[in-house]
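Me: Please take a close look at the salt bridges and at what surrounds them. I would like cut-offs stated along with the values.

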Amino acid sequence: MGQQIETAFLEILASKVCHDLISPIGAIANGIEFMEEMGADAMDDAIDLLKFSATQASAKLQAYRMAYGAGGGDVSIRPEDVHKSFGKFIELDKKITQDWDPHAPLGPEERSDGFSKLLICALLLCCECLPKGGTISVTKAGEDLTAISAQGPDAALKSPMDKALTNEMNQETLEPRYVHAYMCGLMAKKYGFDLRVAKNESGAVEFHLQSPTA
């Protein structure tokens with residue numbers, strides 16, 4: 001990736017993924033215990049809990065696999081796949097919505113390996129900028145430029161997340177809440193993209209993803 005990866009960073013990244021999955025997977029275990037203890041009387045409630053938690057865990061795994069896994073950088077992964085995966089990721093929380101057309105021209109997606117990976121990384125980064133929910137959109141901002149924006153109450157890219165995105169933070173002192181932004185920066189460098197903050201003001205944050213061919 002053009003930069004040495006410290007063990008501490010890998011540990012924090014693994015901790016973040018595990019932390020995000022503990023809640024839904026733990027709820028599945030609780031649902032099974034509930035069924036065992038309460039019997040048939042609790043079947044409907046337990047099944048609803050199992051279904052919700054399993055869907056949530058699956059959605060998070062799919063999104064993280066696309067964002068962090070090697071396969072997510074393949075050119076065969078299309079914006080439609082990103083839209084579908086991210087839609088499932090935010091669906092159950094009901095605080096965040098996405099408003100963009102994955103079939104519309106978005107910039108460099110037709111010819112750039114890693115575009116879809118960087119796109120879902122940026123979408124997940126937008127989620128971290130929306131503490132009270134909001135709307136995330138993706139538009140073409142130029143021939144080789146894609147804009148990913150987040151709007152909502154108190155929307156903001158808080159410091160030092162901006163430094164994490166540019167990989168200016170020390171990997172050994174990274175906190176879990178900044179590790180995704182740092183990973184976004186690493187992935188952008190690996191695939192030759194420029195992912196930067198274009199706007200960071202009260203209620204609105206915008207990132208620009210520029211193609212390596214620009």
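Reply: E143 is exposed, with a relative accessible area of 51%; exposed means over 50%, buried under 20% and partly exposed in between, computed with a 1.4 Å probe on protein chains only. This is a predicted model, in which local features need pLDDT of at least 70, side-chain atom pairs count only at pLDDT 80 or more, and totals for chains, interfaces and linings use all residues. Residues are numbered from 1 along each chain as its sequence is written, and side-chain values use heavy atoms, with hydrogens and water left out.

The side chain of E143 meets that of K140 in a salt bridge of 3.7 Å, N to O (a salt bridge is a side-chain nitrogen of Lys or Arg within 4 Å of a carboxyl oxygen of Asp or Glu). K140 is partly exposed, at 38% relative accessible area. G142 is found in strand 2, residues 134–142; helices (H or I, at least four residues) and strands (E, at least two) are DSSP runs, numbered from the N terminus. The relative accessible area of G142 is 24%, which means that G142 is partly exposed. From G142 to P24 the separation is 118 residues in sequence and 40 Å in space, C-alpha to C-alpha.

The structure holds six salt bridges in total. Another of these joins the side chains of K132 and D154, at 2.7 Å from N to O. K132 sits in the loop between helix 4 and strand 2, and D154 in the loop between strand 3 and helix 5, so this pair ties together parts that are 22 residues apart in sequence. K132 is exposed, with 53% relative accessible area, whereas D154 is partly exposed at 45%. The backbone of D154 has a positive phi of about 65° although D154 is not a glycine.

The loop that holds D154, between strand 3 and helix 5, has a further backbone feature. P160 also has its place there, between strand 3 (145–151) and helix 5 (161–165), and a cis peptide bond with omega of about 10° joins S159 to P160. Beyond helix 5, N167 lies in the loop leading to helix 6 (176–191). N167 likewise is not a glycine and has a positive phi, of about 60°. N167 is buried, with a relative accessible area of 9%.

R196 and D194 form a salt bridge in which the closest N and O atoms are 2.4 Å apart. Both ends are partly exposed: R196 has a relative accessible area of 31%, and D194 has 33%. Salt bridges that share partners also join K16, D20 and E128 into one network.

D20 reappears in the surroundings of a lysine without such a partner. K60, found in helix 2 (residues 43–68), is buried yet has no salt bridge, and the nearest side chain of opposite charge, D20, is 5.3 Å away. Lys and Arg count as positive here and Asp and Glu as negative, while His and the chain ends are not counted. Side chains of opposite charge can pair when their charged atoms come close. Leaving aside neighbours within four places in sequence, K60 is in contact with D20, L21 and F89, where contact means heavy atoms within 4.5 Å.

F89 leads on to the helix packing. Along with P79, V82, S85, F86 and I90 of helix 3, F89 belongs to the group that meets F115, S116, L119, I120, L123, L124 and C127 in helix 4. The axes of helix 3 (residues 79–91) and helix 4 (residues 115–127) come within 9 Å and cross at roughly 25°; axes are lines fitted to C-alpha atoms, for helices over the stretch in contact, and angles run from 0 to 180 degrees between N-to-C directions. Helix 3 and helix 4 are therefore roughly parallel (under 35 degrees; over 145 counts as roughly antiparallel, 65 to 115 as roughly perpendicular and the rest as oblique). Their crossing is right-handed, that is, the near helix is turned clockwise from the far one by less than a right angle, and anticlockwise would be left-handed.

Helix 4 also packs against helix 6, at an angle of about 160° with the axes 10 Å apart. These two helices are therefore roughly antiparallel, and their crossing is left-handed. Helix 4 contributes K117, L118, C121, L124 and L125 to this contact, and helix 6 contributes H180, A181, C184, M187, A188 and Y191.
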